[in-house]
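Good morning, and thank you for coming. I would like to take you through one structure this morning, beginning with its pockets and ending with some individual residues.

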Amino acid sequence: MNQLTTIFLGPQGSGKGTHASLFEADLKRLDPGRKIVHFEMGKNLRELASQDTYTSKLMHDVINRGELVPFNISSSVLSSYLIKNMQGDEHLIIDGFPRSETQMDVVDTTMSFYKRENPTIVHINISDEIGLARLLVRGRADDTEENIRRRLAWTRAEWDKIVLRLQKNPIYKVLEINGDNTIEEVHTEILAGLGLS
């Protein structure tokens with residue numbers, strides 16, 4: 001199969017991390033000889049926040065307040081990960097970036113620099129109430145109702161701009177996925193949209 005570049009986007013609680021991991025497992029089964037680079041923004045930010053540096057302490061505070069991580073930090077985390085892991089012929093999965101319209105320039109230049117042709121955006125959309133319910137069950141320390149609602153508010157403020165910009169750019173294919181459905185239904189819809197079912 002051809003080299004694939006797939007970016008999973010969606011509000012908190014949409015299941016984008018779950019579906020990115022399921023998709024990675026599918027790629028391993030369908031194309032066992034090819035390496036997969038799977039970048040998870042949330043995981044990498046939490047790892048940074050857990051370290052013993054001044055930046056990590058500031059990051060920890062930002063995450064605990066439910067605020068958006070500054071542009072320069074999230075962009076640097078993505079860039080550092082790709083510099084260390086990209087080799088040229090791998091499948092690339094990006095989970096949770098971009099999170100704001102200003103980060104789209106990073107995505108565009110990254111796709112161009114690494115010569116990633118025809119990336120697919122898997123946009124998993126859910127209602128705020130379903131997102132809130134799922135995140136409260138998840139039980140992470142920063143998942144208070146107040147923090148979740150704050151994150152969902154800034155996500156909604158940026159999301160329409162991001163998706164519109166992606167849809168206007170002919171290099172991207174945007175799949176709109178209903179994340180309110182079951183994990184199995186969403187997974188089936190994603191594979192069908194990617195032509196892999």
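What follows is a short tour of the model now on the screen. Please keep in mind throughout that this is a predicted model.

Let me begin with the pockets. The largest pocket holds about 890 Å³ of space. Its lining consists of 42 residues, and those closest to the centre of the pocket are Gln12, Gly13, Lys16, Arg138 and Arg140. Which helices take part in this lining? At least two residues each come from α1, which spans 16-30, from α2 at 41-49, from α6 at 128-138, from α7 at 145-168 and from α8 at 183-193. The largest share belongs to α2, which contributes five residues. In chemical character, the lining of the largest pocket comprises 14 nonpolar, 16 polar and twelve charged residues.

The second largest pocket has about 170 Å³ of space. Around it we find Asn44, Glu47, Leu48, Gln51, Val77, Ser80, Tyr81, Lys84 and Asn85. Two helices, α2 and α4 (71-85), each provide at least two residues of this lining. Here α4 gives the most, with five residues. Three of the lining residues of the second largest pocket are nonpolar, four are polar and two are charged. Helix α2 therefore deserves your attention on the screen, as a contributor to the lining of the largest pocket and to that of the second largest.Let me turn now from the pockets to the interior. In soluble globular proteins, nonpolar side chains tend to be buried together. In this model, the largest nonpolar core has 29 residues, and Leu78 and Ile94 have the most contacts inside it. Two or more residues of this core come from each of the strands β1 (5-9), β2 (36-40) and β3 (91-95), and from each of the helices α2, α3 (54-64), α4, α5 (104-113) and α7. Apart from this core lies another, of 14 residues, including Ile93, Ile124, Ile190 and Leu194.

What does Leu78 touch, if neighbours within four places in sequence are left aside? Leu78 is in contact with Phe39, Met41, Ile94, Phe97 and Val106.

Two further buried residues merit a closer look. The first topic is Asp95, which is located in strand β3. Asp95 has a relative accessible area of 8%, and it counts as buried because that value is under 20%. Along the chain, Asp95 and Gly17 are 78 residues apart, yet their C-alpha atoms are separated by 6.3 Å. Not counting residues up to four places away in sequence, Asp95 touches Phe8, Lys16, Gly17, Ala20, His38, Phe39, Glu40 and Met41. One of these, Lys16, we have already met among the residues closest to the centre of the largest pocket.

The other is Met104, in helix α5. Is Met104 buried or exposed? With a relative accessible area of 1%, Met104 is buried. Setting aside residues up to four places away in sequence, Met104 touches Pro98, Ile162, Arg165, Leu166 and Tyr172. The C-alpha atoms of Met104 and Ala157 are separated by 15 Å, and these two residues are 53 residues apart along the chain.

Pro98, one of the residues that Met104 touches, has a feature of its own. The peptide bond from Phe97 to Pro98 is cis, with omega near 10°. Pro98 sits in the loop between β3 and α5.

I come next to the aromatic residues. The whole structure contains three aromatic pairs. Why is the pair of Phe113 and Tyr114 edge-to-face? The ring centres are 4.9 Å apart and the planes stand at 85°, which is over 60 degrees, so the pair counts as edge-to-face. The two partners fall into separate accessibility classes: Phe113 is exposed, with a relative accessible area of 62%, whereas Tyr114 is partly exposed, at 22%.

Finally, I would draw your attention to some backbone angles. Lys115 lies in the loop between α5 and β4 (120-125). Although Lys115 is not a glycine, it has a positive phi of about 55°. Lys115 is exposed, with a relative accessible area of 65%. Asn118 is also placed in the loop between α5 and β4. Its phi is positive as well, at about 50°, although Asn118 is not a glycine. Asn118 counts as exposed, at 56% relative accessibility.

That concludes the tour. Thank you for your attention.

How values were computed
Residues are numbered from 1 along each chain as its sequence is written. This is a predicted model: local features need pLDDT of at least 70, side-chain atom pairs count only at pLDDT 80 or more; totals for chains, interfaces and linings use all residues. Side-chain values use heavy atoms; hydrogens and water are left out. On a 1 Å grid over the protein atoms alone, a cavity is a set of points where a 1.4 Å probe fits but cannot get out, and a pocket is an open set with protein on both sides within 12 Å along at least five of seven lines; lining residues have an atom within 4 Å of a point. Grid points are joined across faces, edges and corners, and a volume is the space filled by probe spheres set on the points. Helices (H or I, at least four residues) and strands (E, at least two) are DSSP runs, numbered from the N terminus. Ala, Val, Leu, Ile, Met, Phe, Trp, Tyr, Cys and Pro count as nonpolar, Asp, Glu, Lys and Arg as charged, and the others, Gly among them, as polar. A nonpolar core is a set of buried Ala, Val, Leu, Ile, Met, Phe, Trp, Tyr and Cys residues joined through side-chain atoms within 4.5 Å. Buried means under 20% relative accessible area, exposed over 50%, partly exposed in between (1.4 Å probe, protein chains only). Contact means heavy atoms within 4.5 Å. Rings of Phe, Tyr and Trp (its six-membered ring) pair if their centres lie within 6.5 Å; planes under 30 degrees apart count as stacked, over 60 as edge-to-face and the rest as tilted.
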